[in-house]
Amino acid sequence: MKPLFTALFFMSVIFFNTAQVDAATRLRYIMNELNANLIKVVDGVMNEDFDRIESASLAIAGHEKAPLSERKRIAGYLKNRASIFKKVDDTVHNGALVMAEASARHDMKAVLSNLVNIQRGCVECHSRFRTEVRKLFYK
């Protein structure tokens with residue numbers, strides 16, 4: 001009986017650690033995709049490629065959400081600050097939608113204004129939460 005419990009224990013440790021790595025990897029993947037799309041926006045701005053700006057902006061606005069388990073874990077960890085985290089995410093999402101609309105109108109001034117707002121949102125979130133979220137997932 002003891003070998004069975006030992007085997008189950010090690011299997012649960014392996015499963016837990018694998019789940020934790022997969023969750024953290026997914027969050028990191030999403031952040032990397034957002035960064036790649038932000039770079040596409042900047043490239044589109046520099047080349048006055050409004051189609052590229054619009055496409056990348058829509059990709060930012062419609063980015064994959066982190067798995068529910070991750071979002072709950074982050075919210076539980078941040079507690080009353082989770083609403084700030086959500087507000088910043090909403091700012092980036094809404095700014096990307098407005099930027100896509102501005103790009104469709106070929107309104108570079110509005111594109112740039114929204115790009116700045118999105119970047120501010122990213123930097124605000126990273127400066128407030130990145131270190132803590134990394135510690136939460138990558139102990």
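Helix 3 and helix 5 are oblique to each other, because the angle between them falls outside the ranges for roughly parallel (under 35 degrees), roughly antiparallel (over 145) and roughly perpendicular (65 to 115). The axes of helix 3 (residues 68-78) and helix 5 (residues 108-137) cross at roughly 120° and come within 11 Å; axes are lines fitted to C-alpha atoms, for helices over the stretch in contact, with angles running from 0 to 180 degrees between N-to-C directions. The crossing of helix 3 past helix 5 is right-handed, a term applied if the near helix is turned clockwise from the far one by less than a right angle. Helix 3 contributes Glu70, Arg73, Ile74, Tyr77 and Leu78 to the contact, and helix 5 contributes Phe129, Glu132, Val133, Leu136 and Phe137, where contact means heavy atoms within 4.5 Å. Of these contact residues, seven are nonpolar, three are charged and none is polar; Ala, Val, Leu, Ile, Met, Phe, Trp, Tyr, Cys and Pro count as nonpolar, Asp, Glu, Lys and Arg as charged, and the others, Gly among them, as polar.

The model is predicted, with local features requiring pLDDT of at least 70 and side-chain atom pairs pLDDT 80 or more, whereas totals for chains, interfaces and linings use all residues. Residues are numbered from 1 along each chain as its sequence is written, and side-chain values use heavy atoms, with hydrogens and water left out.

The protein contains five helices and zero strands, in the order α-α-α-α-α along the sequence. These elements are DSSP runs numbered from the N terminus (helices: H or I, at least four residues; strands: E, at least two). Among contacts between residues at least 6 apart in sequence, 74% link residues at least 24 apart. Of the 139 residues, 30% are buried, that is, under 20% relative accessible area (exposed: over 50%; partly exposed: in between; 1.4 Å probe, protein chains only). The exposed surface of the protein is about 9200 Å², of which carbon and sulfur atoms supply 61%, as computed by the Shrake-Rupley method with a 1.4 Å probe.

Two loop residues were examined for their backbone conformation. Most residues other than glycine have a negative phi. Glutamate 48, not a glycine, nevertheless has a positive phi of about 50°. Glutamate 48 lies in the loop between helix 1 (2-46) and helix 2 (50-61) and is exposed, at a relative accessible area of 59%. Lysine 79 likewise has a positive phi, near 55°. This lysine occupies the loop between helix 3 and helix 4 (82-104), and its relative accessible area of 62% makes lysine 79 exposed.
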